[in-house]
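Student: I would like a close look at a single part of this structure. Please take one strand, go through its surroundings, and keep it brisk.

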Amino acid sequence: QVQLVESGGGLVQPGGSLRLSCVASRSIFSINYMGWYRQAPGKQRELVAAVSKGGSTNYADSVKGRFTISRDNAKNTVYLQMISLKPEDTAVYYCNAKTWSALEGRYLEVWGQGTLVTVSS
């Protein structure tokens with residue numbers, strides 16, 4: 001079972017930038033989807049961005065044009081570059097890995113522990 005460790009969160013002013021990193025305990029080459037989710041206080045966890053094994057990406061409408069997800073298989077790391085941050089981006093950001101299990105006929109999911117991003121002046 002892969003383990004995921006996020007870093008890079010912190011306090012940033014509106015309009016600022018942050019880069020989150022998610023380091024996996026083993027190779028991510030075979031992981032079908034790597035993604036970033038976030039959960040703001042009192043709200044449900046939501047998908048922010050995801051990147052497939054083949055490099056395809058998708059983003060929540062609220063972050064399109066501001067956030068960029070990328071994966072570096074050689075470093076077992078997924079990044080989330082965030083620019084033009086807004087107060088509404090404040091949340092705990094979680095890294096997620098989905099791997100298809102032919103044996104179980106479903107995706108197996110693993111979550112990181114989360115990293116807090118606070119956008120405030």
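Tutor: What follows is a walk around strand 9 and the loop before it. Keep in mind that this is a predicted model.

Start with the strand itself. Strand 9 spans residues 91–101. Of its 11 residues, 8 are buried, so the rest of the structure largely encloses it.

Now the neighbours. Strand 4, residues 33–39, pairs with strand 9 over 7 bridges. The sense is antiparallel. One bridge to look for is Met34, whose partner in strand 9 is Ala97.

Strand 11, residues 115–119, also runs antiparallel to strand 9, and 3 bridges join the two. Here, Val92 faces Leu116 of strand 11.

Then comes strand 10, residues 106–111. It pairs with strand 9 over 6 bridges, again in the antiparallel sense. Find Thr99 and you will see Leu108 of strand 10 opposite. Strands 9 and 10 make a hairpin, with 4 residues between them. Look at Gly105 in that turn: its phi is positive, about 70 degrees.

Next, the covalent link. A disulfide is a covalent bond between the sulfur atoms of two cysteines. The count for this model is 1 disulfide. Cys22 and Cys95 form it, with their sulfur atoms 2.1 Å apart. The torsion about their S-S bond is about -80 degrees, so the disulfide is left-handed. Cys22 sits in strand 3 (residues 18–24) and Cys95 in strand 9, so the bond ties together parts 73 residues apart in sequence. Why do Cys22 and Cys95 count as buried? The cut-off is under 20% relative accessible area. Cys22 has 0% relative accessibility, so it counts as buried. Cys95 is also at 0%, and therefore buried too.

Finally, step back into the loop between strand 8 (77–82) and strand 9, where Asp89 lies. Is Asp89 buried or exposed? Its relative accessibility is 1%, so Asp89 counts as buried. Its side chain has a partner: a polar contact of 2.9 Å joins Asp89 to the side chain of Arg38. Leaving aside residues up to four places away in sequence, Asp89 touches Arg38, Arg66, Phe67, Ser84, Val117 and Val119. Two strands already visited appear in that list. Arg38 falls within strand 4, residues 33–39. Val117 and Val119 fall within strand 11, residues 115–119.

To recap, strand 9 has antiparallel pairings with strand 4, strand 10 and strand 11. Cys95 adds the disulfide to Cys22.

Note on methods: Residues numbered from 1 in each chain as written. Predicted model: local features only at pLDDT ≥ 70, side-chain atom pairs only at ≥ 80, totals over all residues. Heavy atoms only, no water. Buried < 20%, exposed > 50% of the residue type's maximum accessible area, 1.4 Å probe, protein only. Polar contact = N/O pair within 3.5 Å; in protein donor to acceptor, adjacent residues only side chain to side chain. Contact = heavy atoms within 4.5 Å. Disulfide = S-S within 2.5 Å. Pairing = 2+ DSSP bridges.
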